[in-house]
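Trainee: Could you take me through this model and show how each term is justified by its definition?

Mentor: Gladly; let us look at the structure together and begin with the DNA.

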Protein chains: 2
Amino acid sequence: MSTAKTALALEKDDRIPPRERILAAAADLFYRHGIRAVGVEAIAEAAGTNKMTLYRHFESKDELVAEYLRRLATKAEAVWSRRAAEFAGDPLGQLRAWIKEMAAHIGASDDRGCALANAAVELPEHEHPARRVIQAFKQAQRERLVELCTAAGLTEPEMLADELFLLLEGARVSVQCMGRDGLGARLERMGEAMIAAHQARS
Amino acid sequence: MSTAKTALALEKDDRIPPRERILAAAADLFYRHGIRAVGVEAIAEAAGTNKMTLYRHFESKDELVAEYLRRLATKAEAVWSRRAAEFAGDPLGQLRAWIKEMAAHIGASDDRGCALANAAVELPEHEHPARRVIQAFKQAQRERLVELCTAAGLTEPEMLADELFLLLEGARVSVQCMGRDGLGARLERMGEAMIAAHQARS
DNA sequence: ACATATAGATACTGACCGGTAACACCCGTG
DNA sequence: CACGGGTGTTACCGGTCAGTATCTATATGT
């Protein structure tokens with residue numbers, strides 16, 4: 001079976017503790033090649049260490065995967081906090097900024113969609129430790145959107161939040177099926193149209 | 001790594017030639033557990049045959065995967081033809097029927113989203129024979145939607161087609177992240193709202 | 001100088017992977 | 001009857017998988 005993996009070992013920096021190097025290498029390889037396609041040995045090597053050290057820090061590959069996703073979720077929450085601060089008191093502006101940022105992501109040539117969603121597709125087993133991370137993150141994401149739509153005084157905020165959420169979620173997977181070609185720009189227009197449709201008619 | 005696979009060998013029916021039994025078994029296992037999670041031996045066994053016979057009909061696992069997706073694409077095209085015939089001269093009705101059917105899919109308890117999209121997530125390698133199948137199918141799908149929106153006389157048909165396409169695509173992956181809970185019904189409302197927003201104001 | 005903790009290196013286990021070789025078998029056609 | 005094609009069976013190949021045991025090296029703190 002075809003399994004082309006580019007190692008590209010990020011050069012070892014001893015100032016960074018091995019646990020962090022492992023997580024960085026895992027993030028890169030998992031995202032680019034998929035979780036099941038990457039072996040622990042390749043991760044250890046890319047992190048400038050070895051399997052034994054990896055297993056001293058993570059009790060299994062499944063746990064490493066869960067931690068990889070947990071880190072991404074934390075990072076995403078930080079971005080939301082940053083944006084909330086930047087657009088304090090302007091929920092509509094925050095909503096628009098979010099759409100803009102997602103459109104930019106989709107335009108990036110190395111984008112392979114949402115790592116959490118991809119993991120959900122790759123790991124259907126209900127008992128996998130990654131699944132609770134994914135579910136909690138996506139539900140929080142939707143909740144945040146609902147609150148934003150509500151605060152912006154838009155009509156039927158829950159429905160609009162779902163529309164925007166699914167639109168973006170669809171765009172991020174669709175890019176992996178069909179390629180990019182201008183989707184980023186179209187996405188922004190669609191988001192704006194949906195918001196406009198939920199603005200109270202004066 | 002956790003890899004729980006339920007075999008559930010469909011009992012062998014000798015009236016069906018082995019090639020078809022293999023494709024049926026592959027379709028079931030690939031969809032339920034993911035492509036990388038299922039080995040050729042498990043497929044052959046579930047098909048009531050063995051690896052050797054499988055490799056007499058498919059030159060590699062990658063080719064089997066491509067054929068699995070090709071069959072699904074063909075089946076989907078047939079559904080579209082059936083629907084086009086049923087709603088001949090009523091593009092709007094056809095559009096609505098499509099949304100209804102997709103919403104029903106999403107409500108089904110064993111749904112794991114679009115097999116083609118899942119495969120795209122699982123197989124990022126550009127050279128994989130499955131990728132051309134996926135891309136062609138998704139582009140045809142979008143094209144059909146554009147034509148339908150145009151025929152229905154809706155405003156900005158390309159944009160509406162994209163909106164509906166991404167909405168549905170998003171719903172099918174989102175189900176795998178967050179569960180179903182009523183998404184089917186909400187989906188229908190959202191689709192109708194989008195269509196309404198593109199109906200020429202009188 | 002000593003104890004402790006962390007990390008590196010290498011080799012290993014047992015299982016599974018995709019793919020193949022060799023051979024026995026059955027069944028329909030000539 | 002003989003033949004040949006599709007099928008089944010078994011054993012195997014080299015490689016990789018997740019995970020572990022063992023031993024050495026290094027750094028830190030006292």
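Mentor: In this predicted model, α3(B) gives the most to the surface near DNA strand D, contributing four residues.

Trainee: What makes a residue count as near DNA strand D, and how many residues surround the strand?

Mentor: The C-beta atom, placed from the backbone, has to lie within 6 Å of the strand, and 18 residues surround DNA strand D, the closest being A:Gly39, A:Ser60, A:Lys61, B:Thr49 and B:Met52. Two or more residues each come from α2 (40–46) and α3 (51–57) of chain A and from α3 (51–57) of chain B.

Trainee: How do the residues of that surface divide into nonpolar, polar and charged?

Mentor: The surface near DNA strand D has eight nonpolar, five polar and five charged residues; Gly counts as polar and Lys as charged, so A:Gly39 falls in the polar class and A:Lys61 in the charged class.

Trainee: Which residues touch the most other members of the largest nonpolar core?

Mentor: Among its 68 residues, these are A:Ile43 and B:Ile43.

Trainee: What does B:Ile43 touch, and why is each of these called a contact?

Mentor: Leaving aside residues up to four places away in sequence, B:Ile43 touches B:Ile22, B:Ala25, B:Ala26, B:Leu29, B:Val38 and B:Leu54; these are called contacts because the C-beta atoms of each pair lie within 7 Å.

Trainee: How many helices and strands does chain A have?

Mentor: Chain A has nine helices and zero strands, and 38% of its 202 residues count as buried, a label that requires 20 or more other C-beta atoms within 10 Å.

Key
Residues are numbered from 1 along each chain as its sequence is written. Chains are lettered from A and ligands numbered from 1 in the order in which they are written. This is a predicted model: local features need pLDDT of at least 70, side-chain atom pairs count only at pLDDT 80 or more; totals for chains, interfaces and linings use all residues. A nonpolar core is a set of buried Ala, Val, Leu, Ile, Met, Phe, Trp, Tyr and Cys residues joined through C-beta atoms within 7 Å. A residue is buried if 20 or more other C-beta atoms lie within 10 Å of its own, exposed if 12 or fewer, and partly exposed in between; C-beta atoms are placed from the backbone. Two residues are in contact if their C-beta atoms, placed from the backbone, lie within 7 Å.
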